[in-house]
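Me: I am new to this structure and would like a close look at a single part of it. Please describe the nonpolar surface patch and the residues that make it.

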Amino acid sequence: TLGMLPPGSDSSERNKRRQAMLQRLNDPKNFASQFQQFIVGELLYREARERKLHEQPQFQSFLRLSERRYLEQGLLNTLPQPAVSEAEMQFYYEKHPAEFQQEDGAAKPFGEVREQIRQTLFQQKLQESQQQLIASLIDKYDVVYHTARIPEVPEASAGEP
């Protein structure tokens with residue numbers, strides 16, 4: 001596998017991974033193995049197409065579902081990445097002291113939990129952005145939920161999973 005890095009990753013990390021991949025490919029043993037895997041995959045693909053496996057209903061259903069998931073995620077990925085300021089992180093730290101208590105009751109230093117706070121705020125902002133997109137799509141496509149028509153799910157009794 002290529003070990004893809006997410007967009008916005010450190011370019012030096014990308015370069016390191018790229019160089020490592022190129023070094024592995026320069027090794028004749030690795031290259032021969034990778035090339036053999038490629039050829040075997042190509043042969044299997046061609047035989048499957050010849051046998052018309054791509055025309056089977058299960059495959060067509062898989063394609064439709066894959067396309068949906070790909071496009072849904074693609075649309076969400078078009079949202080701008082939220083920024084989290086130092087002031088927002090500090091404010092969150094001060095407003096949620098219980099989240100950062102050590103066993104002795106003292107608060108963990110801000111520097112120790114800074115990245116955790118940044119991730120929490122980043123995820124909150126991203127979720128808000130996604131909810132705004134969904135709300136705008138509900139308005140755009142004039143979606144109305146008729147909750148009276150949705151059956152209630154019975155609660156599991158004690159002891160049931």
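Reply: The following account describes the nonpolar patch and the aromatic rings within it.

This is a predicted model, in which local features need pLDDT of at least 70 and side-chain atom pairs count only at pLDDT 80 or more, while totals for chains, interfaces and linings use all residues. Residues are numbered from 1 along each chain as its sequence is written, and side-chain values use heavy atoms, with hydrogens and water left out.

Leu22, Leu25, Phe31, Phe35, Phe38, Ile39 and Leu43 make a nonpolar surface patch of about 660 Å². Such patches consist of residues with over 30% relative accessible area and no salt bridge, where nonpolar side chains (Val, Leu, Ile, Met, Phe, Trp, Tyr) are joined within 5 Å and like charges within 9 Å. A salt bridge is a side-chain nitrogen of Lys or Arg within 4 Å of a carboxyl oxygen of Asp or Glu. Accessible areas come from the Shrake-Rupley method with a 1.4 Å probe, and for residues only the protein chains shown count as cover.

Helices α1 (11-26) and α2 (28-50) each supply at least two residues of the patch, and α2 gives the largest share, five residues. Helices are DSSP runs (H or I, at least four residues), numbered from the N terminus.

Ile39 lies in α2 and is partly exposed, at 34% relative accessible area; this class lies between buried (under 20%) and exposed (over 50%). Phe31 and Phe35 are also partly exposed, at 46% and 47% respectively. Both lie in α2, four residues apart, about one turn of the helix.

Notes. Buried means under 20% relative accessible area, exposed over 50%, partly exposed in between (1.4 Å probe, protein chains only).
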